[in-house]
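Biologist: I'd like a close look at the salt bridges here, please, one pair at a time. Tell me where each partner sits, and then work outwards into whatever surrounds them.

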Amino acid sequence: MIYKVLQNTKGNPLDKPNLDAITFGQLDVDYYLENYEIVADIEADNLEEVFAIGNNMGDEAKITRYAKMHSVSVGDVIRDDENVFVVAMFGFEKIL
């Protein structure tokens, strides 16, 4: 399956919603919709594999980059065809 990785590319890193996202994995949906853009596609079997590949612990060939991206971390968004998840402190939380 192809997963979309979205990261905050527009919002100020010091915005409270961004700090809540990267610190606690709590992402305000409106902030996400306004500030996050697709930075890569990752071919993986599940969210855990997306996280591993996005952290240089998997096959780099499974990543298609569209913009500068940092490693997949707390506050980033992973989207499949039906669901949107934020990377939380422990695991993933569905936000849409």
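Modeller: Counting a Lys or Arg side-chain nitrogen within 4 Å of an Asp or Glu carboxyl oxygen as a salt bridge, you get 5 of them. Bear in mind that this is a predicted model. I'll take three of the pairs and use them as a way into the rest.

Start with E37 and K10, whose closest N and O atoms are 3.6 Å apart. E37 belongs to strand β2 (residues 36–43), while K10 is in the loop between β1 (2–8) and α1, so the bridge ties together parts that are 27 residues apart in sequence. What about cover? K10 is exposed, at 51% relative accessibility. That call rests on the cut-off, because exposed means over 50%. E37 comes out as partly exposed, with a relative accessible area of 35%.

Next, D20 and K16, with the closest N and O atoms at 2.8 Å. This one stays inside helix α1: the two residues are 4 apart there, so about one helical turn separates them. K16 is exposed, with 57% relative accessible area. D20 is partly exposed at 21%, and here the lower cut-off does the work, because buried means under 20%. Helix α1 covers residues 16–24, and I22 is in it too. I22 brings in something nonpolar: with L14 and L19 it makes a surface patch, about 290 Å² of accessible area for the three together. Taken alone, I22 has 45% relative accessibility, so it counts as partly exposed.

The third pair is R65 with E60, where the closest N and O atoms are 2.6 Å apart. R65 is partly exposed at 41% relative accessibility, and E60 is partly exposed with 41% as well. R65 falls within strand β3 (residues 63–65), which runs antiparallel to β2 and is joined to it by 3 bridges. One of the pairings puts D41 of β2 opposite T64 in β3.

On to β2, then, the strand that carries E37. It also runs antiparallel to β1, and 7 bridges join those two. Y3, for instance, has I42 as its bridge partner in β2. As a general point, side chains in a regular strand alternate between the two faces of the sheet.

What does E37 have to do with the inside of the model? It turns up among the residues V5 touches, once you leave out those up to four places away in sequence. The other contacts of V5 include I38, V39, A40, I42 and V50, plus M69, V72 and V77. V5 is also one of the four residues, with I42, V50 and I78, that touch the most other members of the largest nonpolar core, a set of 16 residues. At least two residues of that core come from each of β1, β2, α3 (47–53) and β5 (84–87). Apart from it there's another core, of 10 residues, with A21, V77, V86 and I95 among them.

Two loops are worth a stop before we finish. In the one between β3 and β4 (77–79) you'll find H70, and A67 is there too. A67 is partly exposed at 34% relative accessible area, and its C-alpha is 9.0 Å from that of E37, though the two are 30 residues apart along the chain. H70 is partly exposed at 41%. Neighbours within four places aside, H70 is in contact with Q7 and D76. V50, one of the core residues named above, is 20 residues from H70 in sequence and 13 Å away, C-alpha to C-alpha.

The other loop, between α3 and β3, holds N56. Which way does its backbone turn, to a positive or a negative phi? Positive, at about 60°, and N56 isn't a glycine. For context, most residues other than glycine have a negative phi. N56 is exposed as well, with a relative accessible area of 61%.

Key: Residues numbered from 1 in each chain as written. Predicted model: local features only at pLDDT ≥ 70, side-chain atom pairs only at ≥ 80, totals over all residues. Heavy atoms only, no water. Patch = residues over 30% accessible without salt bridge, like charges linked within 9 Å, V, L, I, M, F, W, Y side chains within 5 Å. Areas by Shrake-Rupley, 256 points an atom, 1.4 Å probe, with all protein chains shown as cover. Buried < 20%, exposed > 50% of the residue type's maximum accessible area, 1.4 Å probe, protein only. Core = buried A, V, L, I, M, F, W, Y, C linked by side-chain atoms within 4.5 Å. Contact = heavy atoms within 4.5 Å. Pairing = 2+ DSSP bridges.
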